[in-house]
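Hi,

Here is the structure I promised to pass on to you. My notes on it follow just below, so have it open while you read.

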Amino acid sequence: MADRIEIALKGDLGAFHLDVDLAVPMHGITALFGPSGCGKTSILRSVAGLNRMPGRIAVGSEIWQDDRHFVPTHKRSLGYVFQEASLFAHLSVRQNLTYGERRARADEKHVRFDDIVNLLGIAHLVDRSPANLSGGERQRVSIGRALLSQPRLLLMDEPLSALDRMAKDEILPYFEALHANLRIPILFVTHDIGEVERLADHLVLLREGRLVGSGPLNEVLSAPHSPLSARRDFAAVLPARVKRHDPDSIAVLDIVGRELLVVAKDMKAGETVRVRIAASDVSIAKSRPDATSMLNVLPARIIGIDALDDAEASIRLDIGVDLEAPIRARITRRSLEALSLSEGQDVFAQIKSVSLAASR
Amino acid sequence: MVATIVALPLVLPPTVLGFYILVALGPQALGGWFGPWFGMRTFAFSFEALVVGSVISSLPFMVQPIRNSFEAMGRRPLEVAATLRASPWDRFVTVALPLAIPGLLTGAVLGFAHTVGEFGVILMIGGNIPGETKVLSIAIYDFVETLRWREAHILSAGMLAFSFVVILAVSLLARRSGRRAF
């Protein structure tokens, strides 16, 4: 298939055996998610050719590795962002940025220097030495450096995990800008579910070297038996479109046929966003509450009840949107019994707050 | 194995090292086989022998710091360069070598200093022939033995000043390149 990235790998990885066979689309951000040591970094390094593990790797129509061929790293059209920025200390920021660009073939050039430095907000740094940059700035330079090598595929190995909270908040908007402005597919390794919810379009779930799930983000997140959906801190992530923005800073969103109100400052009608609804922010009422401060009260149907522990349960709710992904409500078992809730019942979901995860 | 052989001169007494090199370069061995090509009967007691002996005895002092600086760099910078389309040779020249400059400088200084100060090996191989294999450190020894203190003073002070200037210059250079490296 010409429009997919295919990765099939088998091999021993210290404590366990890696055995995956997966295909991800050649567009958008795909997150490889799993606990530390589940093999996700090994997969990424194998795609880059930095590790050699038996298997097959194809990007579109190009075969990077199979039984007979192994294309060395420097001949693979990829960009790689390591956990630490790893800038070349003996070169200036500008020389770092152009290191890969100078080595790319002229007919491959599709990313321009000026565009990248503006997009990443590093134009004012180019004449400095890497030693004088903050952590967030370094990582932005290393992303720019990878992109300027004119890759067909960008690989990122936990690019945010070495940064502190502030640097992370500083850098996340740039990721979103990249996503909105570039057509380069990104494979992104992380163990932070927050980053997945905010950035990923597709999700590959891994555990101990094996594939647990793979597909569009909201489907994998909410699949009934996925290890992610039965978490206490589950949040549904849904695509939405801004219908209108009222003067009192309330935006009316359209989620595939349902209206949702959110507090938002700058929003334009027609913009697409993604919303995050945490299970802890959803409560259930049997009849429509007539006097409530909640902005969002939606008719819903219970499609499943999963026990979380002795005290709490997670309720899967169909709020009538035409999506595979239901939202969830986390309630106590006592309330579950008091309201005598059961599958198939029609209820009202009260959504206390909706957060905007990213603008798309 | 190679590292062990290279490091051997660090622990071997200079006279032992010198003795073996002398034998190896003598008419019964290498000197006898290859000497005639250069119109010589043997390599022993010649300037060429001093060069060979100095290289062998000073090599570990150069190799260690250079090796350390390549090891300290780790594989990461080279992996980064590989993902940026640099071929193995390109990676070595544009990334590994520049990052190893402080180690290369230190190695050069230590190697040079050790060679200038070498005594035992040189005496064994060179034999102290004036105009051919007489070196500074042996000359000073000769002057002291014959109680010519004035000449010994002049040469020693000259060596002291020279060594000081060389080491100062190189450490300044290393600091300059070091500042860019961190």
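Let me start with a helix pair in chain B: α4(B) and α7(B) are roughly antiparallel to each other, because their axes cross at an angle over 145 degrees (under 35 would be roughly parallel, 65 to 115 roughly perpendicular, and the rest oblique). The helices in question are α4 (residues 47-73) and α7 (residues 101-117), with axes that come within 8 Å and cross at roughly 160°. Axes here are lines fitted to C-alpha atoms, for helices over the stretch in contact, with angles running from 0 to 180 degrees between N-to-C directions. The crossing of α4(B) past α7(B) is right-handed (the near helix is turned clockwise from the far one by less than a right angle; anticlockwise would be left-handed). Among the residues making this contact are Phe61(B) and Met62(B) of α4(B), and Leu104(B) and Leu110(B) of α7(B). Contact means that C-beta atoms, placed from the backbone, lie within 7 Å. By class, this contact has eight nonpolar, 10 polar and no charged residues, where Ala, Val, Leu, Ile, Met, Phe, Trp, Tyr, Cys and Pro count as nonpolar, Asp, Glu, Lys and Arg as charged, and the others, Gly among them, as polar.

Before going on, some housekeeping. This is a predicted model, in which local features need pLDDT of at least 70 and side-chain atom pairs count only at pLDDT 80 or more, while totals for chains, interfaces and linings use all residues. Residues are numbered from 1 along each chain as its sequence is written, and chains are lettered from A and ligands numbered from 1 in the order in which they are written. Helices (H or I, at least four residues) and strands (E, at least two) are DSSP runs, numbered from the N terminus.

Chain A has a helix pair too. The axes of α2 (residues 93-101) and α4 (residues 135-148) of chain A come within 6 Å and cross at roughly 30°, which makes α2(A) roughly parallel to α4(A). Here again the crossing is right-handed. The residues involved include Tyr99(A) of α2(A) and Arg145(A) of α4(A), and the contact divides into five nonpolar, four polar and two charged residues.

Now to where the chains meet. The contact takes 20 residues from chain A and 16 residues from chain B. On the chain B side, α5 (76-83), α6 (88-99) and α10 (149-181) each supply at least two residues, and α5(B) gives the most, with six. That side divides into 10 nonpolar, two polar and four charged residues. Within α5(B), Val80(B), Ala81(B), Ala82(B) and Thr83(B) are buried (20 or more other C-beta atoms within 10 Å; 12 or fewer is exposed, and in between is partly exposed). Their cover includes α1 (40-48) and β6 (78-81) of chain A together with α6 of chain B.

Finally, chain A holds an open sheet of five strands in the order β15-β19-β16-β17-β18, with antiparallel pairing (strands pair if DSSP finds at least two bridges between them). Its edge strands are β15 (282-285) and β18 (327-332), each pairing on one side only. Neighbouring strands are turned by 50° against each other on average, direction ignored. Inside the sheet, β16 (residues 296-307) and β17 (residues 312-318) pair over six bridges, and Asp306(A) stands opposite Ser314(A) in β17(A).

Best wishes

Conventions: Contact = placed C-beta atoms within 7 Å.
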